[in-house]
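Got the structure open in your viewer? Let's take a walk through it, one selection at a time.

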Amino acid sequence: MANLPKPSDSAKGAKLSVLLGTQWGDEGKGKLSDILCQEMDVCARCAGGNNAGHTIVVNMGPEKVKTKFDFHLLPSGLVNPNCIGFIGSGVVVHVPSFFAEFDALVKKGLNCDNRLFISDRAHLVFDFHQVVDGLKEVELGGSSIGTTKKGIGPAYSSKASRSGLRVHHLYDHDTFATKFRKLVDGRFKRYGHFEYDTEGEIARYKAFAERLRPFVVDGVSFIHAMLAQNRRVLVEGANALMLDLDFGTYPFVTSSSTSIGGVCTGLGVPPTAIGQIYGVAKAYTTRVGGGPFPTELTDEIGVHLQEVGAEWGVTTGRRRRCGWLDLVVLRYSTLINGYTSLNLTKLDVLDQLKEIKIAISYKVNGQELASFPADLDILANVEVVYHTMPGWEQDISGCQTFEELPKKCQEYVEYIEEFLSCRIEYIGVGAGRESMIHRKAA
């Protein structure tokens with residue numbers, strides 16, 4: 001296993017900070033993660049797999065060449081050369097994708113030597129999980145949940161049924177081979193005999209195990225060593241609250257805990273170790289895949305949001321469904337995750353709109369619902385109550401302070417802030433790292 005890094009002399013000491021998506025994912029968490037990691041020693045992933053997608057644009061080298069990095073499995077804090085990346089026990093890892101992504105970062109000029117680690121308790125995603133993912137979608141037919149087909153759900157199913165394989169299993173090859181054969185045979189019995197080279201895969205993972213060895217640590221000991229050494233740790237959430245297995249729009253959700261609870265279970269830390277909780281919310285709403293979407297726009301405004309906002313997935317390339325900002329969703333999300341502040345992203349996408357709507361409540365048969373409903377049949381038939389505000393109709397991409405924003409734009413931000421009783425600390429006004437307004441506390 002890898003040796004744990006030594007403490008940094010510059011570490012000031014702080015509780016673990018957390019960055020979470022507040023909606024259905026794709027809120028732009030990567031940019032804030034990149035900004036916050038300038039002051040962090042560790043960037044950790046706690047759940048999900050390579051179904052996540054974060055895009056970060058930074059200036060590289062002496063010539064300051066704009067370079068785009070797409071992160072899927074690896075922590076996006078790796079963009080910053082002094083930040084360690086850690087993949088926690090709650091993440092499911094597809095090892096070929098791990099190395100493909102690692103090699104791509106190195107090729108683009110990132111030195112990742114001795115600053116990327118993975119928990120020995122993390123479960124493994126295999127290629128047969130990805131095959132099964134596709135077969136399950138075919139089986140669902142018209143009820144497809146819109147999975148990324150990365151094998152994430154089937155890997156978590158193996159984990160929950162106590163038949164999964166973890167990173168540490170790679171280092172007892174005979175036991176690994178026996179368990180692997182049994183796991184594949186079980187999928188053949190369930191789905192029929194699909195084409196798959198079981199013995200070839202066992203041999204491939206024997207080679208992977210040796211290459212992976214320098215990255216592997218005891219995950220619980222690692223994260224607690226970082227905290228004990230006063231390392232500044234940022235936990236980078238994947239997906240978002242509305243895709244949480246328990247609290248999202250089930251069954252149109254991912255297969256892990258994407259809420260604040262997933263931080264504790266995915267890293268092995270107590271709630272008392274958590275300090276700041278940053279929620280990232282898009283200035284409108286998007287989602288990928290199936291499921292009810294109360295504020296969805298299928299008119300020219302929806303197309304505008306999709307095109308101007310470049311709303312297609314980093315991981316899948318799929319176009320995202322777009323709609324007005326939904327404060328019923330955000331209030332529910334804030335209640336569960338307890339955000340200490342918010343990052344409102346892509347505010348500039350609304351620049352050209354004459355009128356902007358914000359969802360503030362749902363009604364069924366004329367009666368206002370008390371909260372976000374669990375029943376998707378109810379959600380699919382709600383009447384959305386909107387608050388309408390005038391647009392600012394001017395370019396805000398050059399604004400560097402909140403006071404520089406047009407008055408109507410400020411009012412839009414303040415309305416959201418007051419409705420949620422949660423401070424909006426960061427405001428995204430463009431794609432680059434520099435296009436972020438930081439509203440410091442009064």
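Select Arg-318 to begin: in this predicted model, Arg-318 sits in the loop between helix 9 and strand 13. Arg-318 is partly exposed, at 28% relative accessible area.

Now move on to Arg-319, which is also in the loop between helix 9 and strand 13. With a relative accessible area of 46%, Arg-319 is partly exposed. Show what surrounds Arg-319: leaving out residues up to four places away in sequence, it touches Gln-306, Glu-307, Glu-311 and Trp-312. Which side chain makes a polar contact of 3.3 Å with that of Arg-319? Turn on Gln-306 and you have the partner.

While you're here, colour the whole annotated stretch. UniProt, in an unreviewed entry, puts a "binding site" feature at Val-314, Thr-315, Thr-316, Gly-317, Arg-318, Arg-319 and Arg-320.

Next stop, Trp-312. You'll find Trp-312 in the loop between helix 9 (300-308) and strand 13 (321-323). Trp-312 is partly exposed, with 37% relative accessible area. Its contacts, neighbours within four places in sequence aside, are Gln-306, Glu-307, Gly-317, Arg-318, Arg-319 and Arg-320. Now draw a distance from the C-alpha of Trp-312 to the C-alpha of Val-288: the two residues are 24 apart along the chain, and the line should read 8.8 Å.

Keep Val-288 displayed and add Asp-26. Not counting neighbours within four places in sequence, Asp-26 is in contact with Val-288, along with Lys-282, Thr-286 and Arg-320. Asp-26 belongs to the loop between strand 1 (16-21) and helix 1 (29-36), and it is partly exposed at 25% relative accessible area.

Asp-26 also carries a label from the record: UniProt's unreviewed entry gives "active site" at Asp-26, His-54 and Lys-159. Select the three together and zoom out. They span 134 residues in sequence and the farthest two C-alpha atoms are 26.0 Å apart, so they do not all gather at one spot.

Go to His-54 from there. His-54 is in strand 3 (residues 54-60). Is His-54 buried or exposed? Buried, at 7% relative accessibility. Beyond residues up to four places away in sequence, His-54 touches Lys-29, Gly-30, Phe-69, Asp-70, Phe-71, Ser-76, Glu-236 and Gly-237.

Leave Asp-70 and Phe-71 on and bring up Glu-101, in helix 2 (residues 95-107). Glu-101 touches Asp-70 and Phe-71, plus His-72, Leu-73 and Leu-74, again without residues up to four places away in sequence. Here's something to look at: Glu-101 is buried but has no salt bridge. The nearest side chain of opposite charge belongs to Arg-45, 6.8 Å away. That misses the 4 Å cut-off for a salt bridge. Look at the backbone instead: a polar atom of the Glu-101 side chain lies 2.9 Å from the backbone nitrogen of His-72.

Finish with the cysteines. How many disulfides does a search of the whole structure find? Zero. Take Cys-83 as an example: its nearest cysteine sulfur, on Cys-37, is 4.0 Å away, and Cys-83 is in no disulfide. The cut-off for a disulfide is 2.5 Å between sulfurs. Cys-83 is buried, with 1% relative accessible area. Then jump to Cys-399, which is in no disulfide either, its nearest cysteine sulfur being that of Cys-409 at 7.3 Å. Cys-399 is buried as well, at 12% relative accessible area.

How values were computed: Residues are numbered from 1 along each chain as its sequence is written. This is a predicted model: local features need pLDDT of at least 70, side-chain atom pairs count only at pLDDT 80 or more; totals for chains, interfaces and linings use all residues. Side-chain values use heavy atoms; hydrogens and water are left out. Helices (H or I, at least four residues) and strands (E, at least two) are DSSP runs, numbered from the N terminus. Buried means under 20% relative accessible area, exposed over 50%, partly exposed in between (1.4 Å probe, protein chains only). Lys and Arg count as positive and Asp and Glu as negative; His and the chain ends are not counted. A polar contact is a pair of N or O atoms within 3.5 Å; within protein, one must be able to donate a hydrogen and the other to accept it, and residues adjacent in sequence count only if both atoms are side-chain atoms. Contact means heavy atoms within 4.5 Å. UniProt positions are given in the numbering used here, feature names are shortened, and annotations may be inferred rather than shown by experiment.
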